[in-house]
Amino acid sequence: MELTLSPVYRHAQRVLSQWIDARHAAARREAFRTRTAVAQLGLVDRHRLARWLAWIVSAERCRGSRRLDERLRQLDASLHALMRTTLATLPSMYTVEAVRLTAERPVSADTAPHMTSVSATR
């Protein structure tokens with residue numbers, strides 16, 4: 001089954017992306033356009049957008065910043081609240097990173113090389 005996104009959702013996501021990437025002065029100018037695009041979303045698309053934002057905020061937190069979280073609260077309090085509710089249901093990015101790191105074997109000068117069919121001698 002293919003996921004289809006409505007044109008209204010794609011527009012809101014595009015405008016919100018531009019707002020996220022904008023510098024302070026430009027973000028203030030883009031805020032009205034962003035609020036207008038978000039206000040046109042239906043309930044399902046609003047939840048999709050909140051989930052998308054939750055993943056972005058989660059990734060930002062891994063980098064040690066909470067700036068976007070505060071900016072979203074100032075932009076649209078109801079979208080921010082929905083994003084925070086969704087964020088609580090996501091797996092921790094730290095947990096995902098820890099699982100990935102524990103799955104990898106440590107490598108040192110004493111570790112024998114891992115042979116693959118491409119690098120193996122015949």
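The exercises below work through salt bridges, helix packing and burial in one predicted model.

Residues are numbered from 1 along each chain as its sequence is written, and side-chain values use heavy atoms, with hydrogens and water left out. In this predicted model, local features need pLDDT of at least 70 and side-chain atom pairs count only at pLDDT 80 or more, while totals for chains, interfaces and linings use all residues.

**Exercise 1. Find how many salt bridges the structure has, and describe two that lie within a helix.**

Step 1. A salt bridge is a side-chain nitrogen of Lys or Arg within 4 Å of a carboxyl oxygen of Asp or Glu. The search of the whole structure gives 6 salt bridges.

Step 2. One of them joins arginine 33 to glutamate 30, with the closest N and O atoms 3.3 Å apart. Both residues belong to helix H2 (residues 24–39) and stand 3 residues apart, about one turn of the helix. Helices (H or I, at least four residues) and strands (E, at least two) are DSSP runs, numbered from the N terminus.

Step 3. Another pairs arginine 48 with aspartate 45, at 3.2 Å from N to O. These two are also 3 residues apart, in helix H3 (residues 43–62).

Step 4. An α-helix has 3.6 residues a turn, so residues three or four places apart point the same way.

Step 5. Now classify the partners: buried means under 20% relative accessible area, exposed over 50%, and partly exposed in between (1.4 Å probe, protein chains only). Arginine 33 is partly exposed at 41%, and glutamate 30 is partly exposed at 23%. Arginine 48, at 30%, is partly exposed, whereas aspartate 45, at 12%, is buried.

**Exercise 2. Describe the packing of H3 and H4, and the salt bridge between arginine 61 and aspartate 69.**

Step 1. H3 and helix H4 (residues 67–75) pack at about 145 degrees, and their axes are 8 Å apart. Axes are lines fitted to C-alpha atoms, for helices over the stretch in contact, and angles run from 0 to 180 degrees between N-to-C directions.

Step 2. Contact means heavy atoms within 4.5 Å. H3 contributes Leu53, Ile56, Val57, Glu60 and Arg61, and H4 contributes Arg67, Leu68, Asp69 and Leu72.

Step 3. Sorted by class, the contact holds 5 nonpolar, no polar and 4 charged residues. Ala, Val, Leu, Ile, Met, Phe, Trp, Tyr, Cys and Pro count as nonpolar, Asp, Glu, Lys and Arg as charged, and the others, Gly among them, as polar.

Step 4. Arginine 61 and aspartate 69 form a salt bridge of 3.1 Å, N to O. Shared partners join Arg61, Asp69 and Arg84 into one network of salt bridges.

**Exercise 3. Determine which residues of H5 are buried and what they pack against.**

Step 1. The buried residues of H5 are Leu79, His80, Leu82, Met83, Thr86 and Leu87. Seen down the axis of H5, they fall within an arc of 165 degrees, so they line one face of the helix. The arc is that of the directions from the helix axis to the C-beta atoms.

Step 2. The face turned away from this buried side carries the exposed residues Ala77, Thr85, Ala88 and Thr89.

Step 3. The buried residues of H5 pack against H2, H3 and H4.

**Exercise 4. Characterise the surroundings of valine 57.**

Step 1. Valine 57 lies in helix H3 and is buried, with a relative accessible area of 0%.

Step 2. Not counting residues up to four places away in sequence, valine 57 touches Leu68, Asp69, Leu72, Met83 and Leu87.

Step 3. Valine 57 and leucine 87 are 30 residues apart in sequence, and their C-alpha atoms are 8.1 Å apart in space.
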